[in-house]
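Me: I have a protein model open and would like to learn how to read it. Could you take me through some features one at a time?

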Amino acid sequence: MNSNGLGLHIVLTGAPGCGKGTQARILKEKIAIPHLSTGEMLRAEAAKGTALGLEIKALIDGGNLVPDEMIVEMLSGRIDEDDCKNGFILDGFPRTLPQAEVLENMLKQKGITLDAAVEIQVPDEIIMERILGRYACMKCGHGYHDKYQKPNIYGVCDDCGGTEFYRRIDDNRATVQNRLVNYRALTYPTIPYFEKKGLLRCVDGTGSIAAVSKKIDDLLAIK
């Protein structure tokens, strides 16, 4: 808990493939606050068929970026929901410096202060290995990895017994390289921004999932 007794408001950041989503889900279970993944929220909003959702769907289907204003409007509504009153874990946002500033203003209007921005640091070559090796069950979506997380029985999903798997079409060397270049150019400037605010906490993300989780717990003083 932070000093004002209102729970934890955290941003998880780092390069694509650094393990943000995995760590956010573990943290969510541990401290019972929502994991707000803007990517998942955008897809859910688009599927709802609301006015905002239809606009988002048209943009996504056209391969266009969703404007910051729309993301913040969606995020603002989500943060107002009851389950966020004790805090939240933001994953995938802010992706740019302007988004970081807009987020700060939006939270200020709600009387919310961020407690920490946790950067999970992983070298590019390990990120490449992680992303290129990952695949998922076609039936239930459970994630696996060629090296780090194989099913207990070869070719059979641990969760649902499915036998068909898929890899994301954009999990290839050229696309990952491009995503890393974009991350350096667009998202990395948010790191010094959070540092200047005294919010930045850095974690070495190269160990096992459990080891990285333990480091994050220690950093945030979570028992």
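Me: Which residue forms a salt bridge with Asp218, and how far apart are the closest N and O atoms?
Reply: Before we start, keep in mind that this is a predicted model. To find a salt bridge, look for a side-chain nitrogen of Lys or Arg within 4 Å of a carboxyl oxygen of Asp or Glu. Here the partner of Asp218 is Lys214, and their closest N and O atoms are 2.8 Å apart. Both residues belong to helix 9 and are four residues apart, about one turn of the helix.

Me: Where do Lys57 and Asp61 lie?
Reply: They are both in helix 3, which covers residues 51-61, and again the spacing is four residues, about one turn of the helix. Lys57 and Asp61 form a salt bridge, with 2.7 Å between the closest N and O atoms.

Me: Is Asp61 buried or exposed?
Reply: For this you compare the relative accessible area with two cut-offs: under 20% is buried, over 50% is exposed, and in between is partly exposed. Asp61 has 55%, so it is exposed. Lys57 has 38%, so it counts as partly exposed.

Me: Which parts of the chain does the pair Lys30 and Asp217 link?
Reply: This salt bridge joins distant parts of the chain, since Lys30 sits in helix 1 and Asp217 in helix 9, 187 residues apart. Their side chains meet at 2.7 Å, N to O. Try the accessibility cut-offs here too: Lys30, at 37%, is partly exposed, while Asp217, at 11%, is buried.

Me: How many salt bridges does a search of the whole structure find?
Reply: The search gives 16 salt bridges. Salt bridges can also be linked into a network, as they are for Arg134, Arg168, Asp170, Asp171 and Arg179.

Me: Back to the two helices: at what angle do helix 1 and helix 9 pack?
Reply: When you read a helix pair, take the angle and the distance between the axes together. Helix 1 (residues 20-31) and helix 9 (residues 209-219) pack at about 60°, and their axes are 10 Å apart. That angle is why the two helices are called oblique to each other. The crossing of helix 1 past helix 9 is right-handed.

Me: Which residues make the contact?
Reply: Helix 1 contributes Thr22, Gln23, Ile26, Leu27 and Lys30, and helix 9 contributes Ile209, Val212, Ser213, Ile216 and Asp217. Sorted by type, the residues of this contact are five nonpolar, three polar and two charged. Lys30 and Asp217, the salt-bridge pair, are among the contact residues.

Me: Where does Gly14 lie?
Reply: Look in the loop between strand 1 (8-13) and helix 1. With 6% relative accessibility, Gly14 counts as buried. Next, see what surrounds the residue: leaving out residues up to four places away in sequence, Gly14 touches Lys20, Glu119, Ile120 and Tyr183. Take Ile120: 106 residues separate it from Gly14 along the chain, yet their C-alpha atoms are 5.1 Å apart.

Me: And Leu8: is it buried or exposed?
Reply: Leu8 has a relative accessible area of 10%, so it is buried. This residue is in strand 1. Setting aside neighbours within four places in sequence, its contacts are Ile31, Ile33, Asn86, Gly87, Phe88, Asp115 and Ile222. You can also compare distance in space with distance along the chain: the C-alpha atoms of Leu8 and Thr113 are 9.3 Å apart, although the two residues are 105 residues apart in the chain.

Methods
Residues are numbered from 1 along each chain as its sequence is written. This is a predicted model: local features need pLDDT of at least 70, side-chain atom pairs count only at pLDDT 80 or more; totals for chains, interfaces and linings use all residues. Side-chain values use heavy atoms; hydrogens and water are left out. Axes are lines fitted to C-alpha atoms, for helices over the stretch in contact, and angles run from 0 to 180 degrees between N-to-C directions. Angles under 35 degrees count as roughly parallel, over 145 as roughly antiparallel, 65 to 115 as roughly perpendicular and the rest as oblique. A crossing is left-handed if the near helix is turned anticlockwise from the far one by less than a right angle, and right-handed if clockwise. Contact means heavy atoms within 4.5 Å. Ala, Val, Leu, Ile, Met, Phe, Trp, Tyr, Cys and Pro count as nonpolar, Asp, Glu, Lys and Arg as charged, and the others, Gly among them, as polar. Buried means under 20% relative accessible area, exposed over 50%, partly exposed in between (1.4 Å probe, protein chains only).
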